[in-house]
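Me: I have a model open and would like to learn how to read its cavities, helix contacts and aromatic pairs. Could you take me through them one by one?

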Amino acid sequence: MAHPGTLSPTAGLGPTSARGELTALTRLAAPIVGANLLHMAVFAVDVVFVARLGTTELAAATIAVFLFNVLCWAMIGLTSAAEPLIAAAIGRRVGTVRDTRRSFRSGLWLGVLASGPIMGLMWQGEALFVALGQDPVVAARAGAFLRIAAWGVPFAVVAGLMRLTAAALGRPGWAFIVTALALGVAILANWALVFGHLGVPALGLEGSALAGVLVSIAMCFAYAAIFQLDRQLRRFRLWGRWWRPDWARMGEVARLGAPIALTWTFEGGLFGGAALLMGLIGPVEVAAHAVALNVAAVIYQIPFGIAQAATIRVGMAYGAVDHRWIARAGNSALLLGIGIMAVTALITWAVPGLFVSVYLDRDLPDTVAAEALAIRLLGVAAIFQLMDGAQAVAQGVLRGLQDTRVSMLVALGGYWVVGFGTAVLLGFRTPLGAVGIWWGLATGLAVVSVLLIWRWSARARLGLLPS
């Protein structure tokens, strides 16, 4: 079964030129980037529909969706360690089918088992939000949302694992197709369940949460069907003996994946913490921060997709024990990621008002101050997103070398010690205010990017290369 973005899992192994590697990387990354951008739209659908229910419901949906996304992405990060292991198996070309199946099955078991505690945490969402100082009514409504949304966690995690596996096995186009279908399901389900169409009762906020569960289930079953129908994927027999846990491989996936999960949690928590700092200054600052961060988050999907592709390409070279190929794959990814982010940074710096106008209505008097501040924040974002893109791709190439623990420690120190600490200092001890908070975030990201790129450049001296 052919489809857009089809690649042979062994196509382009070890290209002998930087141009050939860059071409292979781009072909792999393009559909992944597209799928990432569509995922942003899927996550936004809940908030868009709930916005019509009133400010309390919108506030509840906003904080609930944020927590759901942070926790789900952490679990997907945990299972994503299967991706470099599968890529390395392809690069070795020995026992590829069996090794791929072991890594996928172990990621599957790990994801399902880890989903249990995450679901339990979501059931305590109301108490968590109250402890964080949220309005009790908003916290109660957000808790009700999460108690329903929690049932979608295992399906979302397994779908994320299957998405990464399909890309590692040379079928990145399926991610774009399935996510596009998921967006359609999200829109239809929210329209029906939130407002009461197609013969179903109007469930309001709870209906939006249920729609999210249906989207996760639909994606999970869509990928499962693809794994059976796609000829190239079917030959790996990924569902073979799925009921038998492979404890040794599961431990390997957990060892590599736990630092990835924590790194993604540190990063997501950093921006959540920045929003709380903005709240200490005032509502205008919160609104401006939300707009600027949304713009940056959309653009971030480009280097994030390149990083995912880089993990696969470097992982294949790692499995092949080809040091020159490792260098070409990693350097090409860094060149592509930083180059594209330099262009987007220049555009953001040149025309920030163009981006802000998408989110704020200039005709409303209460948005004038927020618009002006958002434009100033996007000026900082020009540097912010360049650093964010560099550290994302650097993490990706190091994951391909199965090096995740040090990256996690760098992220913890860079994000929270340097980044958050500087944000507090500049935001509350200088006249910069909200702009100072963003300079703090940019500083933290810059430190992380420099340290990770240095680690990549010193990979041989540090013993990160295969032998």
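What follows is a short conversation about those three topics.

Reply: Happy to! Keep in mind that this is a predicted model.

Me: Let's begin with the empty space inside. How many cavities of 30 Å³ or more are there?

Reply: The count comes to five cavities of that size. The largest cavity holds about 450 Å³ of space. It has 28 lining residues, and the closest to its centre are Val 42, Phe 43, Phe 68, Ala 156 and Ser 216.

Me: Which helices each supply at least two residues of the lining of the largest cavity?

Reply: They are H1 (18–50), H2 (55–79), H6 (136–149), H7 (153–168), H8 (173–195) and H9 (204–229). H9 gives the largest share of that lining, with seven residues.

Me: And what is the chemical character of the residues in the lining of the largest cavity?

Reply: They divide into 18 nonpolar, eight polar and two charged residues.

Me: What is the volume of the second largest cavity, and which residues line it?

Reply: Its volume is about 60 Å³. The lining is made up of Pro 259, Ile 260, Thr 263, Gln 395, Leu 398, Arg 399, Asp 403, Thr 404 and Ser 407. Helix H11 (247–281) and helix H15 (368–400) each supply at least two of the residues in the lining of this second largest cavity. By class, that lining has three nonpolar, four polar and two charged residues.

Me: Now for helix contacts. What should I look at when two helices are packed together?

Reply: Two packed helices are described by the distance between their axes and the angle between those axes. Take helix H16 (residues 405–429) and helix H17 (residues 434–457): their axes come within 7 Å and cross at roughly 155°. H16 and H17 are therefore roughly antiparallel to each other, since an angle over 145 degrees counts as such. The crossing in which H16 passes H17 is right-handed. In the contact of H16 with H17 there are 16 nonpolar, nine polar and one charged residues.

Me: That is a handy recipe. How do the axes of H2 and H11 cross?

Reply: The axes of H2 and H11 come within 6 Å, with a crossing angle of roughly 155°. H2 and H11 are therefore roughly antiparallel, and H2 passes H11 in a right-handed crossing.

Me: What about H2 and H4, at what angle do their axes cross?

Reply: For H2 and helix H4 (residues 96–123), the angle is roughly 160° and the axes come within 9 Å. H2 and H4 are therefore roughly antiparallel to each other. Here H2 passes H4 in a right-handed crossing.

Me: Last topic: aromatic rings. How is a pair of them described?

Reply: A pair of aromatic rings is described by the distance of the centres and the angle of the planes. Searching the whole structure finds 12 aromatic pairs. One of them joins Trp 73 and Phe 304 in an edge-to-face arrangement, 6.0 Å centre to centre with 75° between the planes.

Me: Where do Trp 73 and Phe 304 lie?

Reply: Trp 73 lies in helix H2 and Phe 304 in helix H12 (residues 283–319), so the pair ties together parts that are 231 residues apart in sequence.

Terms used. Residues are numbered from 1 along each chain as its sequence is written. This is a predicted model: local features need pLDDT of at least 70, side-chain atom pairs count only at pLDDT 80 or more; totals for chains, interfaces and linings use all residues. Side-chain values use heavy atoms; hydrogens and water are left out. On a 1 Å grid over the protein atoms alone, a cavity is a set of points where a 1.4 Å probe fits but cannot get out, and a pocket is an open set with protein on both sides within 12 Å along at least five of seven lines; lining residues have an atom within 4 Å of a point. Grid points are joined across faces, edges and corners, and a volume is the space filled by probe spheres set on the points. Helices (H or I, at least four residues) and strands (E, at least two) are DSSP runs, numbered from the N terminus. Ala, Val, Leu, Ile, Met, Phe, Trp, Tyr, Cys and Pro count as nonpolar, Asp, Glu, Lys and Arg as charged, and the others, Gly among them, as polar. Axes are lines fitted to C-alpha atoms, for helices over the stretch in contact, and angles run from 0 to 180 degrees between N-to-C directions. Angles under 35 degrees count as roughly parallel, over 145 as roughly antiparallel, 65 to 115 as roughly perpendicular and the rest as oblique. A crossing is left-handed if the near helix is turned anticlockwise from the far one by less than a right angle, and right-handed if clockwise. Rings of Phe, Tyr and Trp (its six-membered ring) pair if their centres lie within 6.5 Å; planes under 30 degrees apart count as stacked, over 60 as edge-to-face and the rest as tilted.
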